[in-house]
Protein chains: 2
Amino acid sequence: MKRPLILVSNDDSYMARGVHALIDRLTLLGDVVAVCPLHPQSGQSMAITVNSPLRITRIPDYNGARMYHVSGTPVDCIKLAMHHILDSRPDLVVTGINHGSNSAINVLYSGTMGAAMEGAAFGIPSIGFSLTDHSADADFTPCLRAIDVLAAATLRNGLPRDIAINVNVPDIAGTPEKMRICTPCRGLWNDEYKEYTDPAGHKFYWLTGKYVNLEPENETTDEWALSHGMISVVPVAIERSLDIDRGIPWLAGAVDEYNNRVV
Amino acid sequence: MKRPLILVSNDDSYMARGVHALIDRLTLLGDVVAVCPLHPQSGQSMAITVNSPLRITRIPDYNGARMYHVSGTPVDCIKLAMHHILDSRPDLVVTGINHGSNSAINVLYSGTMGAAMEGAAFGIPSIGFSLTDHSADADFTPCLRAIDVLAAATLRNGLPRDIAINVNVPDIAGTPEKMRICTPCRGLWNDEYKEYTDPAGHKFYWLTGKYVNLEPENETTDEWALSHGMISVVPVAIERSLDIDRGIPWLAGAVDEYNNRVV
């Protein structure tokens, strides 16, 4: 039986331990090609490089996986893999393991989830994995069984078009006992910039901040699951249009105003 | 009566004609503060700058609007405006006018819509405007009445939390007769990279490509409206989680498998 083809990417660069831990598990399930950013790309969301050229460089194989780095963003990696690296369409895209949480609103800014959503935009079942530990030498053991179960199930079952799965794993010792399907927690970032003064007396700013959970009592959220030692699984849709009448009742009236030139 | 406070941003930089055309209209409705990227940021999606510092620079007022540029992405502009520039919470965020369409799947990559979605993430009613003409000297006349009507209606009515409005305007002569609430067209980009060879014989790649409309007969899409000379209005949600049972029927079983350790 032909082994499935699995495309791997991340946002922490080809050097990150997280992507190596991911490849170690996925080579048990299929043939792996990894296309990762040359430089760290945290916070790159679904950014694409439009105003400069990109390079693809093949680097030594890792644990049986073909490895490349690309001089751009995580989404650039997926696009170049699809158009210029892979010989055939992958059966699965898996991104991560991210060094740090992509729960709650962080999914919007995450380069790891950006790459997974680009996989979904290509119509390929796509999953992103993140561990709630930012350190470069994080221990990815808590993620391994979740990768095994979810990657195998996704290969068997596929995913609806335009939907990716966002998996966050708490950095506890050993393997988390429980996994839960969650909603993304409503929250926001506070005190987002540290202010400095340069030698010439001009101010500059560096992004930082504390996440503020707006629904700490809600047991259905990913933040609740993670803070209780569980793995959170959140499906995310790249198609984000709304049922208009439910969403914005006055909008049809504004459109009528425009069309009827009633001022 | 106190005039509303309107925060403006874009992705084509503070120098772009599109943002000046937008400010010209919005100063009729309220007090405008514009915080725009120093350099063009097309395709930056919701990217944030996490690994380097940012500068805020006040520049001369334009048509009564306070103007700043920020050395980062469109989302950086909104975040710094909220935390370090504005004295009070804005009543409205308006981004654009983008030089080029942000219809269909392009909404995901757009820095202009990234800034609008960041406004929505802050809970502020937010609208992005784009004209389907990429040229630096585009004529933004077709957008003006749409800005007047939609900005005023949004100031009057607000928007549900976490929802922004994506407005695309066809580059026809004069003011489009019709505006329509649309779904984002399903489509994809084809032939996405032009391949070059550098003087040393190594290949490099530049993003390009043709948009392929996967539902050209569907009269509800933004692409259909634009190709028929109409303005498209698409509400987009930043909250993208799904009704799980409807979306991925097998996922609960995979989670059970993990939790019960049934392999």
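A strand, in what follows, is a DSSP run of E with at least two residues, and strands are numbered from the N terminus. Okay, hi everyone. One thing to keep in mind: this is a predicted model.

I'll start with a strand. Strand β5 of chain A covers residues 92–99, and Ile97(A) lies in it. Look at the peptide bond that leads into that residue. From Gly96(A) to Ile97(A) the bond is cis, with omega near -15 degrees. Now hop over to chain B. The bond from Gly96(B) to Ile97(B) is cis too, and omega is near -15 degrees there. Ile97(B) sits in strand β5 of chain B, residues 92–99.

Why point these out? Because most peptide bonds are trans, and most residues other than glycine have a negative phi. That second part brings me to Asn63(A). Its phi is near 45 degrees, so we have a positive value in a residue that isn't glycine. You'll find Asn63(A) in the loop of chain A between β3 (56–62) and β4 (65–70).

Next up, how the two chains meet. How many residues of chain A are in contact with chain B? It's 92 residues of chain A, touching 92 residues of chain B. Between them the chains bury about 8100 Å², with 60% of that on carbon and sulfur atoms. There are also eight salt bridges between chain A and chain B. Here's one you can find on screen: Glu192(A) with Lys79(B), where the closest N and O atoms are 2.8 Å apart.

Helices also meet across the two chains. Take α7 of chain A, residues 251–260, and α4 of chain B, residues 144–157: their axes come within 10 Å and cross at roughly 150 degrees. Angles over 145 degrees count as roughly antiparallel, so that's what we call α7(A) and α4(B). Their crossing is right-handed. On the α7(A) side, the residues that meet the other helix are Leu251(A), Ala254(A), Glu257(A) and Tyr258(A). On the α4(B) side you've got Arg145(B), Ala146(B), Val149(B), Leu150(B), Ala153(B) and Arg156(B). Sort the residues of this contact by class and you get seven nonpolar, three charged and no polar ones.

Now let's stay inside chain A. Helix α2 (residues 74–85) packs with helix α3 (residues 111–121) at an angle of about 30 degrees, and the axes are 7 Å apart. Under 35 degrees counts as roughly parallel, so α2(A) is roughly parallel to α3(A). This crossing is right-handed. From α2(A), the residues involved are Pro74(A), Val75(A), Ile78(A) and Lys79(A). They meet Gly111(A), Gly114(A), Ala115(A), Glu118(A) and Gly119(A) of α3(A). By class, that contact has four nonpolar, three polar and two charged residues.

Last pair, also in chain A. The axes of α1 (residues 17–26) and α4 (residues 144–157) come within 10 Å, crossing at roughly 50 degrees. So are they parallel, perpendicular or oblique? α1(A) and α4(A) are oblique to each other. And α1(A) passes α4(A) in a right-handed crossing. Which residues make the contact? From α1(A) it's Ala21(A), Leu22(A), Arg25(A) and Leu26(A), and from α4(A) it's Leu144(A), Ile147(A), Asp148(A) and Ala151(A). That works out as six nonpolar, two charged and no polar residues.

That's my tour, thanks for listening!

Notes:
Residues numbered from 1 in each chain as written. Chains lettered and ligands numbered in written order. Predicted model: local features only at pLDDT ≥ 70, side-chain atom pairs only at ≥ 80, totals over all residues. Heavy atoms only, no water. Axes fitted to C-alpha atoms, helices over the stretch in contact; angles between N-to-C directions. Helix = DSSP H or I, 4+ residues; strand = E, 2+ residues; numbered from the N terminus. Parallel < 35°, antiparallel > 145°, perpendicular 65-115°, else oblique. Left-handed = near helix turned anticlockwise from the far one by under 90°. Contact = heavy atoms within 4.5 Å. Nonpolar A, V, L, I, M, F, W, Y, C, P; charged D, E, K, R; others polar. Buried area = accessible area lost by both parts, 1.4 Å probe. Salt bridge = Lys/Arg side-chain N within 4 Å of Asp/Glu carboxyl O.
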